[in-house]
Amino acid sequence: MESQGLTLPAQELGARDQPIPLAQTAPSPYRVSALQADVTGRLWVGSWNGLIRIHPETGAIERRVAIPGRTLEALAMERVGRIWVGSALGLVRVDPRTNE
């Protein structure tokens with residue numbers, strides 16, 4: 001069966017990758033420009049429409065984060081778990097535990 005959208009890679013040898021359904025609440029058009037898993041296991045999705053956090057098992061959008069410039073170009077996680085967001089207007093740091 002072919003997956004439409006995102007897939008969570010299997011962590012164990014011999015296990016199958018799991019599709020991550022995107023909830024019906026995902027904005028459209030929704031062009032993804034960057035993906036980053038965080039220390040809590042959630043998936044952060046950067047797009048031309050901003051930054052959202054997705055629950056990996058349900059695909060539900062758990063959080064939208066306001067970012068200056070809205071068009072995101074890069075996501076990276078530092079050692080302590082905070083996520084750096086690169087946009088056309090500069091860098092923003094988000095803490096997945098506090099969403100700040």
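The exchange below concerns two sheets in a predicted model.

Modeller: Local features here need pLDDT of at least 70, side-chain atom pairs count only at pLDDT 80 or more, and totals for chains, interfaces and linings use all residues. Residues are numbered from 1 along each chain as its sequence is written, and side-chain values use heavy atoms, with hydrogens and water left out.

Colleague: What makes strand 7 and strand 8 a pair?

Modeller: Two strands pair if DSSP finds at least two bridges between them. Strand 7 and strand 8 (residues 83-87) have 5 bridges and run antiparallel, so they pair by that rule. One of the partnerships joins Ala-74 to Gly-86 in strand 8.

Colleague: What is called a strand, and how is it numbered?

Modeller: A strand is a DSSP run of E, at least two residues long, numbered from the N terminus.

Colleague: Why are strand 7 and strand 9 placed at the edges?

Modeller: The open sheet has 3 strands in the order 7-8-9, paired antiparallel. Strand 7 (72-77) and strand 9 (90-94) each have a single partner strand, so one side of each lacks a neighbour in the sheet. The twist from one strand to the next averages 20°, with axes being lines fitted to C-alpha atoms and angles running from 0 to 180 degrees between N-to-C directions.

Colleague: Which strands are at the edges of the open sheet with order 3-4-5-6?

Modeller: That sheet has 4 strands with antiparallel pairing. Strand 3 (32-37) and strand 6 (61-65) pair on one side only, as edge strands. The twist in this sheet averages 20° from one strand to the next.

Colleague: How do you know that strand 4 and strand 5 pair?

Modeller: Strand 4 (residues 43-47) and strand 5 (residues 50-54) share 5 bridges in the antiparallel sense, so the rule of at least two is met. Val-45 has Ile-52 in strand 5 as its bridge partner.
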